[in-house]
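Work through these exercises with the sequence and the model side by side. Try each task before you read its solution.

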Amino acid sequence: MLPNPVNQKDKKENLLFTQGSEMEALKENLKELKSEIRRLRRQEDIFRDIYDTVRDGIAHTTLTGKVIYVNTALLKILDIREDRLIGKNILKIVPELLSPKDAKRILVLLKKIIAGKEIDPFQVEYRDRILDVSTNVNPKSRMLTGIIRDITGSRKGTDVLARSASRLKRAELASKAGNWELHLASGTIIGSEGAAKLYGFDA
């Protein structure tokens, strides 16, 4: 039986129509995809602007410790170029930046967080600075986040106050002097160790 020319023509037209519809749908999908990519890039730019204006250093790594992002503040705190960090594993970076003693201690903590365990914030000496480090694991984004804060100034201030208090205490005991305060509302007397010894009370 010979094919019907009319049926063949209809089939070709239907095929062309189907292909045309699929192409239109594909174009629409690509248009939506491009729009979503632009939206995500705008969001990324916003987050990067935020990250780059905060004073705390921020680093993101994969769950295995590979560094994928660092902000400007972290580069300033560490006084280091971005290419020394990006793409490298934090377990290899730490021994390059810290003393052997500190590196050994910090590597134990980092291995714990890479293993999925929570760790408390910790402090470490870096060059002439004291850094406070806190970490967080985000299973949804599959990232580890580290926040590094330079607390050198506040620590030095605390140390100065502690030394001043210690010197005052030694001076009082050596000079047999003391100081005390009377709280009028409660009638309570609060005195220093030197004052307590002068009046024969227990400190």
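**Exercise 1. Place Asp 79 in the chain and describe its backbone.**

Step 1. Asp 79 sits in the loop that links α2 (72–78) and α3 (90–97). Helices (H or I, at least four residues) and strands (E, at least two) are DSSP runs, numbered from the N terminus.

Step 2. Know the ground rules. This is a predicted model, where local features need pLDDT of at least 70 and side-chain atom pairs count only at pLDDT 80 or more, while totals for chains, interfaces and linings use all residues. Residues are numbered from 1 along each chain as its sequence is written, and side-chain values use heavy atoms, with hydrogens and water left out.

Step 3. Check phi. Most residues other than glycine have a negative phi. Asp 79 is not a glycine, yet its phi is positive, about 50°.

Step 4. Check the cover. Asp 79 is exposed, with a relative accessible area of 54%. Buried means under 20% relative accessible area, exposed over 50%, and partly exposed in between (1.4 Å probe, protein chains only).

**Exercise 2. Find a positive phi in the loop between β3 and β4.**

Step 1. Arg 127 lies in that loop.

Step 2. Its phi is near 55°, a positive value in a residue other than glycine.

Step 3. Arg 127 is exposed, at 58% relative accessible area.

**Exercise 3. List the elements, then build the open sheet.**

Step 1. Count. The chain has six helices and seven strands.

Step 2. Read from the N terminus: α-β-β-α-α-α-β-β-β-α-β-β-α.

Step 3. Order the sheet. Five strands form an open sheet, β2-β1-β5-β4-β3, with antiparallel pairing. Two strands pair if DSSP finds at least two bridges between them.

Step 4. Find the edges. β2 (67–70) and β3 (122–126) each have a single partner strand, so one side of each is left without a neighbour in the sheet.

Step 5. Add the twist. From one strand to the next, it averages 25°. Axes are lines fitted to C-alpha atoms, for helices over the stretch in contact, and angles run from 0 to 180 degrees between N-to-C directions.

**Exercise 4. Follow the partners of β1 and β3.**

Step 1. Start with β1 (residues 57–62). Five of its six residues are buried, so β1 is largely enclosed by the rest of the structure.

Step 2. Six bridges join β1 to β5 in the antiparallel sense. Thr 61 stands opposite Leu 144 in β5.

Step 3. Three bridges join β1 to β2, also antiparallel. Ala 59 has Val 70 in β2 as its bridge partner.

Step 4. Look at the hairpin of β1 and β2. Four residues lie between the strands, and Gly 65 takes a positive phi near 100°.

Step 5. Move to β3. Five bridges pair β3 with β4 (residues 129–138), again antiparallel. Phe 122 stands opposite Val 133 in β4.

Step 6. Add a helix. Helix α4 (residues 100–114) lies across β3, β4 and β5 (143–150), at about 140° to β3. Contact means heavy atoms within 4.5 Å.

**Exercise 5. Work out how much of the chain is buried.**

Step 1. The chain has 203 residues.

Step 2. Buried residues make up 23% of them.
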